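Colleague: I'm new to this one and would love a friendly tour. Could you show it to me first?

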Amino acid sequence: MPATKSATATVPIVTGMLTGLPVFLAGSSASAARTPGFELAYDDIDVFCSSPQSLISAAERLRSGGFEITDRYKRVYHRWMKHGFKGWHTNSLKLEGHGGVDVNLVYKLVDKHPTTSLAQVIESFDFGLLAHGFDCETQVWRDMREYLFPQHEAELAQAAKAFTVPPSGNLIQVALPMMPIRRDDWRNGFISQYQGLREIGRFLRYNDYGYDMSLVYDDLLTGYKAASLFYSARTDKPELEMIGKIFESIAMSLEDSQLSGDWDKLREASEQIIFLDDLDAIMEALE
């Protein structure tokens with residue numbers, strides 16, 4: 001459900017309820033809350049939890065505060081209580097609250113270990129524009145953009161000043177590429193099927209929000225072209241060869257959309273991709 005309130009109004013509601021827990025608000029809502037003019041540029045609030053226990057604690061706090069677990073995720077929550085998380089890469093729980101405020105609680109593993117700090121959560125993201133977040137345990141905002149992108153230090157400092165004293169007219173927005181670790185993987189074509197299929201939708205979402213994605217565009221285009229060559233050569237596995245053709249098609253559509261400024265065709269194609277959620281994963285594991 002798209003948000004109907006500004007991030008600057010809704011984020012404090014959630015972070016206040018989670019004070020003292022080792023969980024971290026990050027992602028599109030954090031970026032919207034800290035970027036002038038983008039207060040409505042997010043779908044829901046993502047909170048990343050350092051352990052299964054902190055996710056359950058956060059869920060119960062939010063429920064006590066009036067949030068409700070969505071119907072589909074009630075079955076997921078019931079399963080977790082009996083059998084735990086079972087070591088899946090990502091575990092998430094969706095709750096609905098007041099006035100259109102939705103919260104996703106996420107516990108994920110990166111390189112087979114939990115993300116136990118806000119810095120680790122941020123570095124696991126794809127896009128540089130997401131390099132800031134809120135530590136609910138200490139109730140402090142952290143901004144890693146100057147650390148991760150020193151080449152943009154002057155621009156970021158100017159934007160930070162504009163945030164303190166909002167400009168009358170033009171907004172100052174700093175275009176950032178992908179996160180350094182992710183960028184290295186993408187530009188060398190080290191892209192999993194799951195990541196490659198999801199990434200174009202993420203890119204389009206932030207592009208539609210109004211963020212300057214020009215540097216991310218170049219990273220994605222380079223990555224899709226490199227990965228398509230690898231997967232297309234896997235003629236021994238037709239399913240991988242098909243992934244290569246899909247990545248090649250995405251790269252061509254990216255170039256066409258960038259030149260024409262019309263993203264509708266690519267947007268429609270990305271919406272046709274079906275992804276499994278936690279309930280799907282549980283049901284498949286039972287087969």
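Modeller: Happy to! Keep in mind that this is a predicted model. Let's begin at a hairpin.

Colleague: In the hairpin of strand 7 and strand 8, which residue takes a positive phi?

Modeller: Strand 7 and strand 8 (residues 140-143) run antiparallel and are joined by four bridges. The hairpin they form has four residues between the strands. The residue with a positive phi, near 60 degrees, is Q139.

Colleague: Which residue stands opposite F24 in strand 7?

Modeller: Strand 7 also pairs with strand 1, antiparallel, through three bridges. In strand 7, H132 and F134 point one way, while G133 and D135 point the other way. F134 stands opposite W141 in strand 8. For F24, the residue opposite is D135.

Colleague: Now helix 3: why do its buried residues lie on the same side?

Modeller: Those buried residues are S54, L55, A58, A59 and L62. In an α-helix there are 3.6 residues a turn, so residues three or four places apart point the same way. The buried residues of helix 3 share a side because the arc they cover around the axis is only 140 degrees.

Colleague: And which exposed residues does the face turned away from that buried side carry?

Modeller: The buried side is covered by elements including helix 1 (7-17), helix 4 (71-83) and strand 5 (102-110). Exposed here means over 50% relative accessible area. On the face of helix 3 turned away, the exposed residues are Q53 and S64.

Colleague: Which helix gives the most to the largest nonpolar core?

Modeller: That core has 81 residues, and L93, L105, F203 and L254 touch the most other members. L105 is in contact with residues including L55, A58, A59 and L62. With seven residues, the helix giving the most to the core is helix 10.

Notes: Residues numbered from 1 in each chain as written. Predicted model: local features only at pLDDT ≥ 70, side-chain atom pairs only at ≥ 80, totals over all residues. Heavy atoms only, no water. Buried < 20%, exposed > 50% of the residue type's maximum accessible area, 1.4 Å probe, protein only. Helix = DSSP H or I, 4+ residues; strand = E, 2+ residues; numbered from the N terminus. Arc of directions from axis to C-beta. Contact = heavy atoms within 4.5 Å. Core = buried A, V, L, I, M, F, W, Y, C linked by side-chain atoms within 4.5 Å. Pairing = 2+ DSSP bridges.
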